[in-house]
Amino acid sequence: MDRRSLLAGALATGFSMKAMAQAQQPVPIKIGVLNDRSGLYADLTGEGSVVAARLAVEDFGAAAKGLQVQIVSADHQNKPDVGANIARQWYDNDAVDVIADVPTSSVALAVNQITREKNRILLNSGAATSDLTGPQCSPNTVHWTYDTYALAQSTGGAMVRAGGDTWFFMTADYAFGHALERDTAAVVQKAGGRVLGAVRTPFPGTDFSSFLLQAQASKAKVIGLANAGGDTINSIKQAAEFGITQAGQKLAGLLIFITDVHALGLQTAQGLVLTESFYWDLNDGTRAWSKRFAALRGGNMPTMVQAGVYSAVLHYLKAAAATKSREAAGNMAWMKANATEDPLFGTGSIRPDGRKMHPVFLFEVKKPADSKGPWDYYKQISTLSAEQAFRPVGEGNCPLVRA
Amino acid sequence: MFELLGVPPQALFGQLLLGLINGSFYAILSLGLAVIFGLLNIINFTHGAQYMMGAFVAWMLLNWLGLGYWWALVLAPIIAGVTGVVIERLFLARLYHLDHLYGLLLTFGLGLIIEGLFRNQFGSSGLPYQIPAELRGGQNLGFMFMPNYRGWVVVASVVVCLATWFIIEKTKLGSYLRAATENPALTEAFGINVPLLITLTYGFGVGLAAFAGVLAAPIYSVNPTMGANIIIVVFAVVVIGGMGSILGAIVTGFGLGIIEGLTKVFYPEASATVIFIIMAIVLLVKPAGLFGRTA
């Protein structure tokens with residue numbers, strides 16, 4: 001071997017070692033969990049969503065697959081301006097690649113806009129407004145867990161089929177409440193029912209008795225609660241107090257989380273019909289994961305929002321590991337092209353408009369006597385397939401699919 | 001059907017009654033604030049947290065010690081009152097010679113700390129608390145179904161408000177208190193233990209807040225943010241009634257509850273702001289409040 005070939009060999013080895021080193025350099029990924037950590041949605045999103053995101057990183061084995069994942073979190077206090085500022089700060093200064101969760105529709109819509117401007121990714125689990133995959137859909141957003149359309153289809157549809165053909169809405173006066181009222185009214189009218197009226201309640205509220213009396217005076221068979229969290233809890237409690245449910249009117253809690261049922265107690269919540277896309281006691285996979293989650297959360301079982309954060313982050317990490325990049329467009333393309341698979345939601349997919357597709361379940365809250373222990377709250381009534389539950393892709397006025 | 005201002009009179013009476021019920025909470029809470037401000041010159045921003053504590057103590061008594069609602073109604077104000085005494089001795093007593101603002105900031109901070117502690121411990125969605133068996137059900141008044149429990153709330157708060165007013169305005173103890181506020185040095189010269197009187201007054205004010213909290217527990221879920229939600233409204237009530245005026249606090253408490261209730265019928269979106277609009281108008285016309293004395 002002459003000197004020249006030795007030198008060439010040495011150089012080649014050097015190059016290939018450098019290339020290998022580059023390949024092995026982990027891709028740094030920063031995930032920001034942005035939600036309500038102190039207000040009325042803190043239990044159903046909050047720290048629990050951060051725990052869920054961490055579990056996703058752990059279960060994926062991100063480090064072994066060449067990803068160096070960091071999770072940050074912040075409190076948007078359910079205020080769109082606060083949420084928008086944090087999102088900007090994260091994208092501009094803190095190199096955050098993905099924002100996850102973002103409950104409260106008004107905040108989510110603001111963050112949706114900024115994420116698009118900055119070309120990053122929003123994995124929305126907590127917010128409900130179906131506008132996120134409708135007129136305001138974005139190539140950078142996936143709407144993961146549920147939406148107002150699915151809630152309306154499932155709970156609204158079931159109530160109308162059960163004979164509740166006249167409705168009065170109590171609507172939280174912001175983006176979410178308006179979207180939920182709109183989508184449910186459409187379902188009711190399509191099924192031949194009538195909407196007799198609606199009242200817009202300040203958000204957040206504590207005393208709903210005045211509005212309940214107005215709903216009672218309307219003589220509607222169903223009072224639709226287009227609100228969430230503490231507002232729903234107080235509405236249901238006060239409806240029982242004023243004898244509204246005993247007098248024959250039915251309450252349709254259009255968005256009730258398991259933490260709300262926990263706060264109400266089965267005594268008050270029994271018989272409520274509600275829609276969720278995840279329940280901890282669905283199957284062995286959900287039970288195993290939920291027990292790990294509960295161990296980290298002082299015994300509290302996960303909500304569907306927290307489960308959605310886990311599932312969304314897991315799918316994103318798969319994309320980032322496959323593309324070996326932080327780049328938004330490539331990762332979104334991978335996420336939409338590949339089926340989702342996790343123990344909580346099973347197999348699913350993401351549509352071009354950003355809608356994550358999976359089945360949705362209709363539950364009834366158990367009577368205290370039927371509950372075998374803490375958090376044993378739901379009896380499954382029916383399952384809606386993803387296609388039945390979510391709005392058909394062509395009907396949402398999403399510019400991405402019209403084009 | 002005959003309608004009054006576009007609303008059936010039955011519905012209107014129902015709303016008036018509901019307003020009165022909500023006003024009961026405003027009245028007890030603003031009364032506590034007025035007592036503390038009138039006699040200690042402390043703008044007690046911890047009041048909301050102390051109201052919330054009352055509800056939580058009721059829950060703890062039931063779930064940890066098996067003591068029901070009626071025990072809670074007596075014990076929770078005492079327990080909260082004792083924490084009030086500790087706060088007064090430990091913190092507030094050091095601030096009396098300073099400007100009001102220091103007391104306001106300190107109590108505001110304390111309120112946030114207490115709220116945060118409860119939220120960490122119990123979460124944000126609240127805990128269930130049932131209406132006591134004796135007060136379940138309700139009466140059909142013709143124009144509305146009146147839950148027995150809400151009726152009881154009105155009765156209890158009217159009694160408590162009148163008793164407090166009576167003690168402060170008509171008894172010897174009340175006259176000592178008022179003297180201690182006007183001229184502490186002179187009152188002390190008469191052999192009255194003014195610091196003790198002030199400490200007990202603060203404890204009493206806190207007890208009133210906790211009492212309202214126990215009353216609220218079965219209606220609203222027992223929730224760490226329940227105090228923060230109501231305290232701003234109650235401060236507006238106190239400002240409208242006149243800072244420190246006992247009668248003003250009671251009358252405006254009930255009155256504003258009714259106005260708020262009516263707003264919920266005619267323009268529900270504004271029902272969260274109507275009290276502040278009234279506050280702005282009152283401050284323009286009568287800066288010392290409706291029942292306040294101009295210094």
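A helix here is a DSSP run of H or I at least four residues long, with helices numbered from the N terminus. Keep that in mind as we walk through this predicted model, because Asn63(B), a residue we'll come back to, is found in helix H2 of chain B by that definition.

Let's begin with chain B as a whole. Chain B has 11 helices and 2 strands. Reading from the N terminus, the order is α-α-α-α-β-β-α-α-α-α-α-α-α, so the two strands follow one another after four helices, and seven helices come after them. How does its radius of gyration fit the picture of a compact globule? With 295 residues, such a globule would come out near 19 Å, and chain B has 19 Å, so the two agree. The C-alpha trace spans about 70 × 50 × 35 Å along the principal axes. As for burial, 55% of the 295 residues of chain B count as buried. The contacts reach far along the sequence too: take those between residues at least 6 apart, and 76% of them join residues at least 24 apart.

Now zoom in on H2(B), which covers residues 47-65. Does its length come out as expected, or what span should we look for? At 1.5 Å a residue, its 19 residues should span 27 Å, and the end C-alpha atoms sit 26 Å apart, which agrees. Is H2(B) enclosed or open? Since 15 of its 19 residues are buried, H2(B) is largely enclosed by the rest of the structure. Asn63(B), though, is partly exposed: its relative accessible area is 43%, and buried would mean under 20%. Asn63(B) also makes a handy marker for distance, with Ala272(B) 209 residues away in sequence and 33 Å away in space, C-alpha to C-alpha. Just past the end of H2(B), Gly66(B) takes a positive phi of about 75 degrees.

Over to chain A for a look at a helix pair. Two packed helices are described by the angle between their axes and the distance between the axes. For H12(A) (residues 304-323) and H13(A) (residues 328-337), the axes come within 9 Å and cross at roughly 115 degrees. The crossing is right-handed. Which residues meet there? From H12(A) come His315(A), Tyr316(A), Lys318(A), Ala319(A), Ala320(A), Ala322(A) and Thr323(A), and they meet Gly330(A), Asn331(A), Trp334(A) and Met335(A) of H13(A). Sorted by type, the residues of this contact are 6 nonpolar, 4 polar and 1 charged.

Terms used:
Residues numbered from 1 in each chain as written. Chains lettered and ligands numbered in written order. Predicted model: local features only at pLDDT ≥ 70, side-chain atom pairs only at ≥ 80, totals over all residues. Heavy atoms only, no water. Expected span 1.5 Å × (residues − 1). Buried < 20%, exposed > 50% of the residue type's maximum accessible area, 1.4 Å probe, protein only. Axes fitted to C-alpha atoms, helices over the stretch in contact; angles between N-to-C directions. Left-handed = near helix turned anticlockwise from the far one by under 90°. Contact = heavy atoms within 4.5 Å. Nonpolar A, V, L, I, M, F, W, Y, C, P; charged D, E, K, R; others polar. Rg over C-alpha atoms; globule rule 2.2 N^0.38 Å.
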